[in-house]
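Please work through the following exercises with the sequence and the model open side by side. Each task is followed by a solution that goes step by step.

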Amino acid sequence: MSFANLPLLGVLAGLAALAAGLFVLQRLRVRHRDVVVPTTLFWQEAVEEARARVLVRRFRHPLAYLLVLLLAGTLWLAFAGPVLERDEEVDHIVLFDSTAAWMSEERFAAALELLEREVAALPRGRTTVRRLGSSPATVLAAGEHPELLAERLRESAPGATRAGVADELDSLVELRLPRPLAITLIAEEGLDPARNATLPPGWSVRHVALDRPRSPNRGLVELGLREAASGAYEEVDVLAVVSGDGPVEAGLVLELDERPLELRPAWVEEQGSRRYLLSGLPARGGLLRVALPRAEGSPGDGIAADDSASLRLPLRRRVRVLVSSTVPAALRKVLALDPAVSFVTDGADLVVRSVGEADGGAIPALELASSDAQSHAFTLVHGGSNEAGVVLRAGIERLGLDEIDAMDLARSLQRPIAVGVELGATPAVRVWSELLSERYDFVDSLAFPLLVARAVRWLGGEEELLLHAASGEELPGPAAQLVDADGRRYDSAGAAFVPPHAGSFRSADGASLEVALGAPEITAPAPRDPSAAVAAAANSALDATALLALGALALLVLEWALLRTGRIP
Amino acid sequence: MATPRSLPFEQLFDAAFLEEVARLRLIARRVPRGGRFAEQRSQQLGSGIEFRDFRPYAPGDDLRAVDWNIYRRLGRVFLRLFEELEDLPLYLLPDVSESLFVEEPPRALAGFRTTLALASIAAGQHDTVALLPFDTDLHLAARPRAGTGRTLFLARRLAAIEPGGRTDLARALRRLGGLDLRRGLVAVISDFFDPNGLDTVLAELGRLRHRLLLVQLVRPSDRDPRLTGDLRLLDCETGHAENVSVTSKVLERYRAAYDRFAAALAEFASARGAGLIRLDVEAPIVPQLATLFEKGAFVA
């Protein structure tokens with residue numbers, strides 16, 4: 001048994017104090033019955049009442065004392081709020097989804113009521129409640145009174161974020177809890193059955209959802225970009241996927257930098273989803289907003305958070321390249337075919353030359369070096385802000401060096417083909433000039449133009465394409481400190497950033513990050529199997545307060561009856 | 001305990017009781033001279049038929065009492081003295097305080113019947129009877145009168161008495177003593193539960209020049225109260241409350257106190273030469289009186 005209102009020690013201390021206090025009162029208590037007599041002359045001589053109220057005399061009426069002690073003790077226990085918990089073999093945890101799934105109508109309020117009912121049915125001493133969402137938190141610890149739950153969630157509102165149930169379960173598994181865990185998931189969407197199979201032995205997951213189905217909903221489940229299919233370097237293509245069981249939209253509402261964008265995207269229908277392609281958008285760093293059309297004054301569909309999303313288009317500018325006259329024709333040719341390259345004679349962003357040449361000055365350079373002067377076939381020169389290993393790994397991936405058939409080259413050259421890193425004042429990529437010789441197949445390989453193109457982009461400071469940003473999904477690369485629209489700060493400490501919710505984020509240098517909801521499981525959940533509806537848990541805890549109060553009332557009636565019949569003083 | 005109420009005539013003196021009183025009168029007449037409670041040897045020079053003694057003549061004496069035989073023989077004048085049986089006024093003092101009326105049956109029922117029985121006997125002997133009930137003071141309900149119709153008159157007077165207040169027998173006796181009545185027999189019919197204490201009462205009784213007959217109205221519970229537990233005893237007259245936890249020891253002390261009270265009363269009666277009768281109010285009165293009369297208990 002546990003007590004909701006008092007700790008066990010407090011309950012016992014209270015009982016002891018009651019017993020002592022009542023004991024003292026009982027010793028001093030004398031209830032007189034009035035009797036009229038002809039005279040009290042003889043009684044005055046015989047009386048010993050003066051000695052009846054002395055504490056140290058014989059204790060009288062022990063049964064009456066026990067009765068009143070029982071009565072007072074029952075009331076005290078009722079005040080302590082005892083709860084008899086029948087299920088003490090497992091711990092319980094309730095995962096409450098407070099994400100965009102409840103952002104329709106009054107579903108969140110109904111979900112809160114459902115949560116309270118579920119929690120009330122679980123043993124108080126072994127039930128924890130976690131709120132999922134952008135900031136997962138424990139809103140009710142084991143042993144706390146369920147009324148605290150309502151108080152703590154009163155200001156809560158569903159957030160434009162995904163539940164992250166899988167991540168939460170992973171965290172729970174890693175805790176290596178001593179007792180089996182019975183998980184109650186209160187969410188629109190249940191857990192993947194395959195995930196259930198990976199839970200530790202003795203664990204169970206029970207999905208509880210609202211009885212009434214959600215209104216039809218349709219929204220954006222994906223928004224991303226890619227290199228323009230046209231090949232234009234300073235353009236990108238954007239892909240938007242709309243899904244759901246709501247009415248199919250008649251096109252999309254597009255805005256670029258808050259101005260309407262007159263564009264009729266192509267689309268294809270695919271299993272209830274429409275995939276829109278916005279081709280040739282200018283890569284000038286603009287903010288693209290994609291929204292589903294809504295008639296003015298219409299109430300909207302089931303969820304509003306997925307009705308629109310924004311995407312920051314990259315800032316793309318052709319790299320101004322100065323090419324030295326000593327550069328072999330093969331390399332010139334590849335450069336000429338690169339849409340990202342713009343040949344200039346001055347004001348270049350990048351110079352292509354042989355090592356030792358002064359063309360272009362101290363600017364990023366793609367240089368050709370003699371194998372006698374350079375130990376590595378490919379050398380990356382960097383400014384030193386990162387560790388050499390980091391630069392090396394990034395360089396290999398970024399420059400596509402892993403696409404090079406190094407074994408073949410090595411056999412041809414009779415020398416090992418390696419990648420090295422050096423510190424230098426200006427970034428550079430140095431390649432053995434011998435590799436460009438017609439004696440080797442490197443120039444004819446697919447790796448060569450790839451290397452050149454990527455080297456140009458890397459050395460030219462091309463912004464990496466952020467293909468898409470969705471809540472709950474890890475973004476590539478380390479992230480700086482970010483601040484959301486509400487002023488909340490997020491610092492992933494140099495690790496990859498996982499946006500906690502949809503919306504705008506801004507870094508210290510002013511760069512903005514637009515994150516879409518991108519949650520198909522929320523926008524267009526799989527149809528729920530009616531047979532899988534789960535009834536609420538049977539109340540395994542018995543609140544004994546009412547029983548004790550009734551017991552106290554019965555004892556009171558008994559005392560009254562005994563008093564009336566004169567059986568107790 | 002019942003609330004004090006007056007006793008109607010029919011309840012007090014029903015036909016059966018009056019018949020018993022008549023029989024009691026007959027019993028009283030059969031008692032030899034000297035056995036009646038109203039007998040008194042007169043100290044006066046009487047013309048009765050029983051010679052008692054001679055005394056020298058003093059001027060002013062009645063010449064009819066001169067014994068001329070002694071004068072002829074001795075040449076001195078002596079008077080013949082005779083015993084004269086005078087009537088003995090009976091002064092009845094029934095207790096009409098509240099305590100006599102509160103119990104069930106009320107002691108006043110037995111008290112009034114006893115009063116009427118004594119009055120009837122006295123009236124049958126042509127003695128004068130007065131009715132002087134008392135509570136906080138002495139009251140005059142009937143002047144001293146003789147006559148055969150006196151009994152009924154006194155019965156009506158008794159039935160008209162209302163329950164009184166507190167008991168103050170000492171005060172009533174002081175007033176009686178101050179009335180300068182012809183010496184007679186004072187019969188106090190009471191429970192003698194005077195809040196002022198028995199000693200005060202006995203002191204006043206001792207000061208009276210009358211002969212005394214004390215009729216104590218008792219009941220078994222006076223000595224053996226059937227009370228248990230923690231009680232608040234309320235004196236019906238004074239209202240005094242006494243908190244008592246009745247235990248065996250308390251009852252022991254109670255009985256001892258009561259015995260002392262009874263013994264003090266008996267001791268006084270013995271020393272004073274007074275008659276003392278204890279009447280059980282819960283038993284028929286007349287048979288008790290008859291038994292006591294035959295045993296001569298009325299003569300101290």
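**Exercise 1.** Find the residue that stands opposite A:His92, and then trace how the strands around it are joined.

*Solution.* Opposite A:His92 stands A:Thr127 in β5(A), where strands are DSSP runs of E with at least two residues, helices are runs of H or I with at least four, and both are numbered from the N terminus. Strand β4 (residues 91–97) of chain A and strand β5 (residues 127–132) of chain A run parallel and are joined by six bridges; two strands count as paired if DSSP finds at least two bridges between them. On going further, β5(A) is joined by three bridges to strand β6 (residues 137–140) of chain A, and these two run antiparallel, with A:Arg131 opposite A:Ala137 in β6(A). The hairpin of β5(A) and β6(A) has four residues between the strands, and there A:Gly133 takes a positive phi near 140°.

The model is predicted, so that local features need pLDDT of at least 70 and side-chain atom pairs count only at pLDDT 80 or more, whereas totals for chains, interfaces and linings use all residues. Residues are numbered from 1 along each chain as its sequence is written, chains are lettered from A and ligands numbered from 1 in the order in which they are written, and side-chain values use heavy atoms, leaving out hydrogens and water.

**Exercise 2.** Determine where B:Phe192 is placed, and whether it is buried or exposed.

*Solution.* Begin with the backbone: B:Phe192 has a positive phi of about 60° although it is not a glycine, and its place is in the loop between β6 (185–190) and α7 (198–207) of chain B. Most residues other than glycine have a negative phi, and most peptide bonds are trans. Next, the relative accessible area of B:Phe192 is 2%, so it is buried (under 20% is buried, over 50% exposed, and in between partly exposed, with a 1.4 Å probe and protein chains only). Finally, leaving aside neighbours within four places in sequence, its contacts (heavy atoms within 4.5 Å) include B:Leu169, B:Val201 and B:Phe261.

**Exercise 3.** Describe the phi and the accessibility of A:Arg176.

*Solution.* A:Arg176, in the loop between α6 (165–174) and β7 (181–186) of chain A, has a positive phi near 55°. Its relative accessibility is 74%, and therefore A:Arg176 counts as exposed.
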